[in-house]
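Please look at the structure below and follow how its parts come together. The text that follows takes up the nucleic acid strands and then the contact between the protein chains.

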There are 2 protein chains.
Amino acid sequence: MTVKPKTRGRPKGQGLSKDRILMAATSMLKQEGKVPSIRKLAATLEVDGMAIYHYFDNKAALLEGVTISVMEEIYQPVASENWQEQLLALSHSYLTLLKDYPGLLTTLLTMSDFGPAEVFSERFEQALKPLDLSSQQLEHALSFWVDYLHGFALAQECNQSGLPLDVEMIAPSFNLFTLALGHLVDSD
Amino acid sequence: MTVKPKTRGRPKGQGLSKDRILMAATSMLKQEGKVPSIRKLAATLEVDGMAIYHYFDNKAALLEGVTISVMEEIYQPVASENWQEQLLALSHSYLTLLKDYPGLLTTLLTMSDFGPAEVFSERFEQALKPLDLSSQQLEHALSFWVDYLHGFALAQECNQSGLPLDVEMIAPSFNLFTLALGHLVDSD
DNA sequence: TAAATTTATTCTACAATGTAGAAATTGAGA
DNA sequence: TCTCAATTTCTACATTGTAGAATAAATTTA
């Protein structure tokens, strides 16, 4: 009994779907800690590599799909006077996500459609509402803090020096950042 | 007259060298805006691809070599009471370097030997001398600021959205950062 | 219902990449 | 001179992204 030859052409019944591919890709990304090759992804789905290309133009498009779906997981700050707590929770959630799905950071930053990136910025603004900053100030604070988080996430991703590099390690930076924010508010 | 067949074996006279390889790699990296393949690098040096491997164990080792040599270019802060000016100059210099040599950021962060990374931290500490921070505070300030710069550099590297993304754009973040530093000093 | 077309899939193939291992040639020390 | 080490080319392989043709089921049209 040899392996089934897997006939060519459209299969009977339900075959692949964008969703099945995205789910498999997402789970493999998390499992193996890196972006899977198209062929390995296809193997997991028990399908030929080229089948993937029926649903996605190229690998970048596939990764963008993964990114979009995964970005919905991040923490939604609640309305609260304790903006520091909310911001910290949001930051931890974002970093955890970037750690769980290595490779997405680059994809996120490369994407032409900025939808996923805006998810973070919306929630950032939501968290900082109590501070009542000007839109300029908010924008500056946002770009400072996201770039910091991305740098931290990248270090996390590249780190192979035994030392664990935990999300909790952002605490000192977070304190400095909130110090600066506090100063902005005072100087109104 | 066909192309010269390039005889096998050790050539008469001077052949390759680690330095020639590093210089070619560095210049191609700057020219083409991305890390060259071993074969293309070898072609530039008019040598077979495998010759490179006599001098470097693997591509990562080669890139580490480039990184080390290139990191020496970065700005050396002078002793000055105007620490903000010095820090800004250092930051610009670092970012320009990371922009000029795309791909080095990842290499830098991946390197087990932290020599090159320490170049920045030494100069950072030099610039902040006038502030007279505790070593804890210095460490926190450093990790905050480098991670920010790395995040910014990564965005720069990934950015393909027409918008130029200049090093001058760090100004607002820089202001927030110095605000926080100033506050640290005050609260002594 | 039969023919035509569209959709979903496999197969084959190619180019680019990193790299291993063997063969060849030169240089240097005994 | 003989041997061994250094430096190079050649060949070859695995992995990757992806293009294009062949094929078969599903769907639309006549």
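Around DNA strand D there are 30 residues, and the closest of them are Arg39(A), Lys59(A), Leu16(B), Met50(B) and Tyr55(B); a residue is taken as near a molecule or strand if one of its heavy atoms lies within 4 Å of it. Among the atoms of DNA strand D that come within 4 Å of the protein, 63% belong to sugar and phosphate. This is a predicted model, in which local features need pLDDT of at least 70 and side-chain atom pairs count only at pLDDT 80 or more, while totals for chains, interfaces and linings use all residues. Residues are numbered from 1 along each chain as its sequence is written, chains are lettered from A and ligands numbered from 1 in the order in which they are written, and side-chain values use heavy atoms, with hydrogens and water left out.

Several polar contacts with DNA strand D can be followed in chain A, where a polar contact is a pair of N or O atoms within 3.5 Å; within protein, one must be able to donate a hydrogen and the other to accept it, and residues adjacent in sequence count only if both atoms are side-chain atoms. A polar backbone atom of Ile38(A) is 2.8 Å from a phosphate oxygen of DNA strand D, and a backbone N or O atom of Gly13(A) lies 3.1 Å from a phosphate oxygen of that strand. Arg8(A) uses its side chain instead, with an N or O atom 3.4 Å from a sugar or linking oxygen of DNA strand D. The elements that give two or more residues to the surface near this strand are helix 2 (38-44) of chain A and helix 3 (52-55) of chain B, where helices are DSSP runs of H or I with at least four residues, numbered from the N terminus. The largest share, three residues, comes from helix 2 of chain A.

DNA strand C also has 30 residues around it, of which Leu16(A), Met50(A), His54(A), Tyr55(A) and Lys59(B) come nearest. Sugar or phosphate makes up 64% of the atoms of DNA strand C within 4 Å of the protein, and bases make up the rest. An N or O atom in the side chain of His54(A) is 2.5 Å from a phosphate oxygen of this strand, while chain B contributes a polar side-chain atom of Ser37(B) at 3.4 Å from a phosphate oxygen. Two or more residues of the surface near DNA strand C come from each of helix 3 (52-55) of chain A and helix 2 (38-44) of chain B, and helix 2 of chain B gives the most, with three residues.

How are the two protein chains placed relative to each other? A rotation of 180° with 0.0 Å of shift along its axis superposes chain B on chain A with an RMSD of 0.1 Å, the fit being by least squares on the C-alpha atoms of residues with pLDDT of at least 70 in both. The two copies are thus related as by a two-fold rotation axis.

Where the chains meet, 26 residues of chain B are in contact with 26 residues of chain A, contact meaning heavy atoms within 4.5 Å. Because 100% of the interface residues of chain B are also interface residues in chain A, the copies meet through the same surface. Together the chains bury about 2,400 Å², with 79% of it on carbon and sulfur atoms; buried area is the accessible area (1.4 Å probe) that two parts lose on being put together, summed over both. Phe144(B), Asp147(B) and Leu176(B) supply 26% of the area that chain B buries against chain A, more than any other three residues. Helix 6 (104-110), helix 8 (135-158) and helix 9 (171-186) of chain B each supply at least two residues of the side that touches chain A, and helix 8 gives the most, with 13 residues.
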